[in-house]
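Here is a quick walk through the model, starting with a pair of charged side chains and working outwards from there. Keep the viewer open as you read.

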Amino acid sequence: DLTYKDVYAPVHQKIDPTTDLPTGATLNKKNNDIAELVDIPAILNAFVTLFVTRKNARPLVPRMGLDLREYIGEPINDDVKYLMEEDIRYEISEYEPRVEVLHIDIQSNEDDNEILLTLKCGFPNLPGQIKDIFVTLKNNGDVFTGIS
């Protein structure tokens, strides 16, 4: 039985375990600030890292990362969507092999300066699991994710 594990550690804040933990996380009662993630929530946590990392930001993996925030506030036409989708597919296949991207929907919310992504994903080592992963990229660098 294959289980993926990761940790969730909120940065510069105390967490409220009833509202701030991702689905599937458990609170570490000893220090009240690190949670264990298992399977899909662990993978979702890795997505956040991938989407907030800029290329050349990590010396050991300089090619890892997406530079999608450069598109925030810009018109997103079909050509731009194609380039963004190609980048996303490449990065996920290269750095997150636990995921198979089945479909990507890209929307621009120019009023709020954000990009909204919906990725329909399968998980090859978690048979029968297909989820929609939602990613919101804000112009201030924040990234919000969700799953259904």
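## A pair to start with

Arg98 and Glu96 bring their side chains together in a salt bridge, with 2.5 Å from N to O. Both ends are out of the solvent: Arg98 is buried, and Glu96 is too. Bear in mind that this is a predicted model, so the distances here are read from predicted coordinates.

Now hop over to Lys120, which makes a salt bridge with Asp132; their closest N and O atoms are 2.9 Å apart. Lys120 sits in strand β5 (residues 114-122) and Asp132 in strand β6 (residues 130-138), so this pair ties together parts that are 12 residues apart in sequence. Lys120 has 34% relative accessibility and therefore counts as partly exposed, as it falls between the 20% and 50% limits. Overall, the count comes to five salt bridges.

## Glu91 and its surroundings

Where does Glu91 lie? It lies in helix α2, and with a relative accessible area of 2% it is buried, because the cut-off for that label is under 20%.

Glu91 forms a salt bridge with Lys55, and the closest N and O atoms are 2.7 Å apart. Lys55 belongs to the loop between α1 and α2, so the bridge ties together parts that are 36 residues apart in sequence. The two partners sit in contrasting settings: Glu91 is buried at 2%, while Lys55 is partly exposed with a relative accessible area of 36%.

There's plenty more around Glu91. Setting aside neighbours within four places in sequence, the contacts of Glu91 are Leu50, Lys55, Arg63, Met64, Gly65, Leu66 and Glu96. Glu96 should ring a bell: it's the salt-bridge partner of Arg98.

## Arg63, out on the loop

Arg63 is one of the contacts of Glu91, and it's worth a look in its own right. It lies in the loop between α1 (40-52) and α2 (78-95). Is Arg63 buried or exposed? It is exposed, with a relative accessible area of 64%.

Once residues up to four places away in sequence are left out, Arg63 touches Lys55, Glu91 and Tyr95. Tyr95 is 32 residues away from Arg63 along the chain, and the C-alpha atoms of the two are separated by 9.9 Å.

## The sheet

Which strands make up the open sheet, and in what order? There are four, arranged β4-β5-β6-β7, with antiparallel pairing. At the edges stand β4 and β7 (143-147); each has a single partner strand, so one side of each is left without a neighbour in the sheet. On average, neighbouring strands are turned by 15° against each other, direction ignored.

Going through the pairings, β5 and β6 are joined in the antiparallel sense over nine bridges, and Ile115 has Leu137 in β6 as its bridge partner. The antiparallel pairing of β6 and β7 runs over five bridges. For that second pairing, Ile133 is matched with Ile147 in β7, and Thr136 with Phe144 in β7. The hairpin of β6 and β7 has four residues between the strands, and Gly141 there takes a positive phi near 100°.

## How the helices lie

Two helices go across these strands. α1 lies across β5, β6 and β7, and runs at about 155° to β7. α2, the helix that holds Glu91, lies across β4 and β5 and runs at about 140° to β4.

## Where to trust the coordinates

The protein chain averages a pLDDT of 77, and 74% of the residues score at least 70. Among its elements, strand β4 (residues 100-109) has the highest mean pLDDT at 93, while strand β1 (residues 5-8) has the lowest at 53.

Then there is the stretch over residues 8-18, where pLDDT stays under 50. The model still has 21 contacts beyond four places in sequence for these residues. Where pLDDT is low, predicted coordinates should not be read in detail.

Conventions. Residues numbered from 1 in each chain as written. Predicted model: local features only at pLDDT ≥ 70, side-chain atom pairs only at ≥ 80, totals over all residues. Heavy atoms only, no water. Buried < 20%, exposed > 50% of the residue type's maximum accessible area, 1.4 Å probe, protein only. Contact = heavy atoms within 4.5 Å. pLDDT = per-residue confidence, 0-100. Salt bridge = Lys/Arg side-chain N within 4 Å of Asp/Glu carboxyl O. Pairing = 2+ DSSP bridges. Axes fitted to C-alpha atoms, helices over the stretch in contact; angles between N-to-C directions.
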